[in-house]
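I opened this entry to keep track of what I looked up, in the order in which I looked it up. I began with the DNA and worked back towards the protein chains.

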Protein chains: 2
Amino acid sequence: MTTQEMTNGTAGQATAGAGRPAGRPRSEKAEKAIIEATLDLIAEGMGVAELSIEAIASRAGVGKTTIYRRWSNKEDLVADSLAALKAPLPPVKGVSVREDLITLLAAMQTEAGHERTRCLMNIAMSDADRYPRLMGRFVKTAVEPRKQAVRDVVRRGIDTGELRPDVDVEMALGMLSGTMIWYTKWGNGEITDDLAERIVDQALTGLAAD
Amino acid sequence: MTTQEMTNGTAGQATAGAGRPAGRPRSEKAEKAIIEATLDLIAEGMGVAELSIEAIASRAGVGKTTIYRRWSNKEDLVADSLAALKAPLPPVKGVSVREDLITLLAAMQTEAGHERTRCLMNIAMSDADRYPRLMGRFVKTAVEPRKQAVRDVVRRGIDTGELRPDVDVEMALGMLSGTMIWYTKWGNGEITDDLAERIVDQALTGLAAD
DNA sequence: CACTTTCGAAACGGCACCGTTGCGTATCGG
DNA sequence: CCGATACGCAACGGTGCCGTTTCGAAAGTG
């Protein structure tokens, strides 16, 4: 680990009866503010490379010292920031596969509309090669849960017989998500409210004539 | 236009009999070297924001003056560089829709493997919002021809009856390309030689049980 | 109360790049 | 040969960020 004993969880008052190191405890509020500022700047279109510690400190209303005391380098900070992202996935009703997939894809579409998520996706694409460790964390906390949600629905569909028994689950997953990503990025003007529905129907039906 | 009379086509010896401005003509070789260096740096993972004129000049073996004389800002330079990209699309045999789609998607997969194209895609994703004018150019020279190639095949398939008559062409296009992009980015380890074939078959067949 | 640690703020020297300018040379037309 | 323009190169002053240090104040423990 690069952050050795730093970033040791709550970093704050350490109610744990063990070794309370004496001295002023680290401000939990400052920590939150730093991470929040980092995510804000990323959401405003900053790539990881252009992120400056000074800008983050200024935005967070915090001294640079406070940042360097917790994170030894920028990548660690960004990694922890991404890890702080919650993944509020919509619950699926479980009635039909079609309906559930539409729910998930529609949520994906909505998220892609929000600036914050939107630019996080950019990072996932462009900084993936340069910061593999960072990407690992992002995939784990943000991408994987969403993949899993779709995967569950598809698997259930195979079990219930709504989907073909020979469906390649990962392929189906990539097809649904990939199509949505394609539209949010390059589907100029063709993004309508029923987009999720159209994608799911096309994927279910297939292109070939019977 | 920002580049006023600059970047006036060949910029070189101007064989046009008209007003030859007298003096040493601009080096066409230098121009090529600059653009090539720019593309190289981008291909090495540089985002547009991190591209420095000094680095480009150094890489191209050229003085900064020579760059500033031609392009008034970085965005213009990058735009011209992207415009210089050729799009060597594979010819389709025209036998069957399935086979042609596989050909196109396989080419896409191969391209995604090359560093140069790979990082260009990153730019297409992450710098799209920040440099819309630049993106317009990139879409026109690189993305659109590929979209068109797939579009043609799909349209032909509808005409020949190989595909359903009610297929949404743009949607089919997004599904095929989107799935391939998804795999090249996040399909960890599952990228095999028959990927294009599997994508096309899944798209043709659909997920739903009959 | 002393003692320790963190806080925000400011300043440090150093570096990379900015866009411009001047220099001596090269390459064109007349 | 002469005037004009472009060339590569090196230097300019300016800016923004680096990572570190110093400072006085704050916030805890004993």
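I asked which element gives the surface near DNA strand D its largest share, and I found that α3(B) does so with four residues. I keep in mind throughout that this is a predicted model.

**DNA strand D**

I then listed the elements that each supply at least two residues of the surface near DNA strand D, and these are α2 (53-60) and α3 (64-70) of chain A together with α3 (64-70) of chain B. Of the 26 residues around the strand, I noted A:S52, B:G23, B:R24, B:G63 and B:T66 as those that come nearest. When I sorted this surface by class, I counted nine nonpolar, nine polar and eight charged residues.

**Relation of the two chains**

I next looked up how chain A is placed relative to chain B, and found that a turn of 180° with a shift of 0.0 Å along the axis lays chain A on chain B with an RMSD of 0.1 Å. That is the relation of a two-fold axis. I also searched chain A for the residue that comes closest to the rotation axis, which is A:G206, with its C-alpha at 1.8 Å.

**The contact between chains A and B**

I recorded 41 residues from chain A and 41 residues from chain B in this contact. On the side of chain A that touches chain B, the elements giving two or more residues are α6 (115-126), α8 and α9 of chain A, and the largest share, 13 residues, comes from α8(A). By class, I find that this side divides into 18 nonpolar, 13 polar and 10 charged residues. I noted too that 100% of the interface residues of chain A are also interface residues in chain B, so the copies meet through the same surface.

**Nonpolar cores**

I looked up the largest nonpolar core, which has 56 residues, and wrote down A:L105, A:L176, B:L105 and B:L176 as those with the most contacts inside it. The elements that give two or more residues to this core are α5 (97-113), α7, α8 (169-186) and α9 (195-205) of chain A, together with α5 (97-113), α7 (132-160), α8 (169-186) and α9 (195-205) of chain B. Apart from this core I found another, of 40 residues, among them A:I67, A:A124, B:A60 and B:V78. Leaving out residues up to four places away in sequence, I listed the contacts of A:L105 as A:L176, A:M180, A:A196, A:I199 and A:V200.

**A:V154**

Is A:V154 buried or exposed? I placed this residue in helix α7 (residues 132-160) of chain A, and because A:V154 has 24 C-beta neighbours inside 10 Å, I count A:V154 as buried. Beyond four places in sequence, A:V154 touches A:L163, A:V167, A:V169, A:A172 and A:L173. I also checked A:V154 against A:D100, 54 residues apart along the chain, and their C-alpha atoms are separated by 9.4 Å.

**Domains of chain A**

I finished with the division of chain A into domain 1 (22-73) and domain 2 (97-205), whose centres, taken over C-alpha atoms, are separated by 31 Å. Six residues of domain 1 of chain A are in contact with eight residues of domain 2 of chain A, and I classed the domain 1 side of this contact as four nonpolar, two polar and no charged residues.

How values were computed. Residues are numbered from 1 along each chain as its sequence is written. Chains are lettered from A and ligands numbered from 1 in the order in which they are written. This is a predicted model: local features need pLDDT of at least 70, side-chain atom pairs count only at pLDDT 80 or more; totals for chains, interfaces and linings use all residues. Copies are superposed by least squares on the C-alpha atoms of residues with pLDDT of at least 70 in both. Two residues are in contact if their C-beta atoms, placed from the backbone, lie within 7 Å. A residue is buried if 20 or more other C-beta atoms lie within 10 Å of its own, exposed if 12 or fewer, and partly exposed in between; C-beta atoms are placed from the backbone. A residue is near a molecule or strand if its C-beta atom, placed from the backbone, lies within 6 Å of it. Ala, Val, Leu, Ile, Met, Phe, Trp, Tyr, Cys and Pro count as nonpolar, Asp, Glu, Lys and Arg as charged, and the others, Gly among them, as polar. A nonpolar core is a set of buried Ala, Val, Leu, Ile, Met, Phe, Trp, Tyr and Cys residues joined through C-beta atoms within 7 Å. Domain bounds come from an automatic or database domain assignment.
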